[in-house]
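Please open the model in your viewer, with the sequence panel alongside, and make the selections in the order in which they come up below.

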Amino acid sequence: MKRLEGKVALISGTARGRGRAAALRFAAEGALVVGGDLPHEEAAETRRLIAREGGTALSPGPLDVTEEASVRSWVAQTTSTPSAASTSSAPTPA
């Protein structure tokens, strides 16, 4: 069993750099990665890279961490996704 199997990791900045590296690493350890970034197509590429390696990732939509509404929407989409909801035991955000 991988160290993060059964866990959900919400990672911002997955379009490139450290965010992408973190997403790839968490996925390699078995986590379901929910990534997001303003350059959504690049974040979706990270999702495809994870899938190519046998991991599972979601990229619900563009994420602007400077906008509270964007972050709330990202989290809400994550908690309403069946694969994320069934994997996580985390409480639903208020």
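Two residues are said to be in contact when they have heavy atoms within 4.5 Å of each other. The model is a predicted one, in which local features need pLDDT of at least 70 and side-chain atom pairs count only at pLDDT 80 or more, while totals for chains, interfaces and linings use all residues. Residues are numbered from 1 along each chain as its sequence is written, and side-chain values use heavy atoms, with hydrogens and water left out.

**The whole chain**

Begin with a cartoon view of the chain, which holds four helices and three strands, arranged from the N terminus on as β-α-β-α-β-α-α. Helices (H or I, at least four residues) and strands (E, at least two) are DSSP runs, numbered from the N terminus. Of the 94 residues in the chain, 30% are buried, where buried means under 20% relative accessible area, exposed means over 50%, and partly exposed lies in between (1.4 Å probe, protein chains only). Among contacts between residues at least 6 apart in sequence, 54% join residues at least 24 apart.

**D37**

Now select D37, in the loop between β2 and α2. Is D37 buried or exposed? With a relative accessible area of 14%, D37 counts as buried. Leaving aside neighbours within four places in sequence, D37 is in contact with G13, T14, A15, A43, G61, P62 and L63. If you add G61 to the selection, you will find its C-alpha atom 7.9 Å from that of D37, although the two are 24 residues apart along the chain.

**Helix α2**

Move on to α2 (40–52), whose 13 residues should span 18 Å at 1.5 Å a residue, in agreement with the 18 Å between its end C-alpha atoms. The expected span of a helix is taken as 1.5 Å times one less than its number of residues. Show the side chains of A43, A44, T46 and I50, which are buried. These four cover an arc of only 150° around the axis, and therefore lie on the same side of α2; the arc is that of the directions from the helix axis to the C-beta atoms. An α-helix has 3.6 residues a turn, so residues three or four places apart point the same way. The cover over the buried residues of α2 includes α1, β2 (32–36) and β3 (56–58), whereas E41 and R52, on the other side of α2, are exposed. Following α2 you come to G54, which has a positive phi near 95°.

**The cavity and S59**

What does a search of the whole structure find in the way of cavities of 30 Å³ or more? There is one, with about 40 Å³ of space. On a 1 Å grid over the protein atoms alone, a cavity is a set of points where a 1.4 Å probe fits but cannot get out, a pocket is an open set with protein on both sides within 12 Å along at least five of seven lines, and lining residues have an atom within 4 Å of a point. Grid points are joined across faces, edges and corners, and a volume is the space filled by probe spheres set on the points. To see the lining of the cavity, select T14, A23, V33, G35, G36, A43, T46, R47, I50, A57, L58 and S59; α2 provides the largest share, four residues.

From this lining, keep S59, which sits in the loop between β3 and α3 and is buried, with a relative accessible area of 13%. Beyond neighbours within four places in sequence, S59 is in contact with G35, H40, A43, A44 and R47.

**The second largest pocket**

Next, select A27, A28, G54, G55 and T56, which lie nearest the centre of the second largest pocket, among the 13 residues that line it. This pocket holds about 150 Å³ of space, and α1 gives the most to its lining, with three residues.

**Helix α3**

Finish at α3 (residues 68–80), which has 13 residues and reaches 18 Å from its first C-alpha to its last, close to the 18 Å expected at 1.5 Å a residue. Within α3, S70, W74, V75 and T78 are buried; because they fall within an arc of 130° when seen down the axis, these residues line one face of the helix. On the other side of α3, select E68, A69 and S80, which are exposed.
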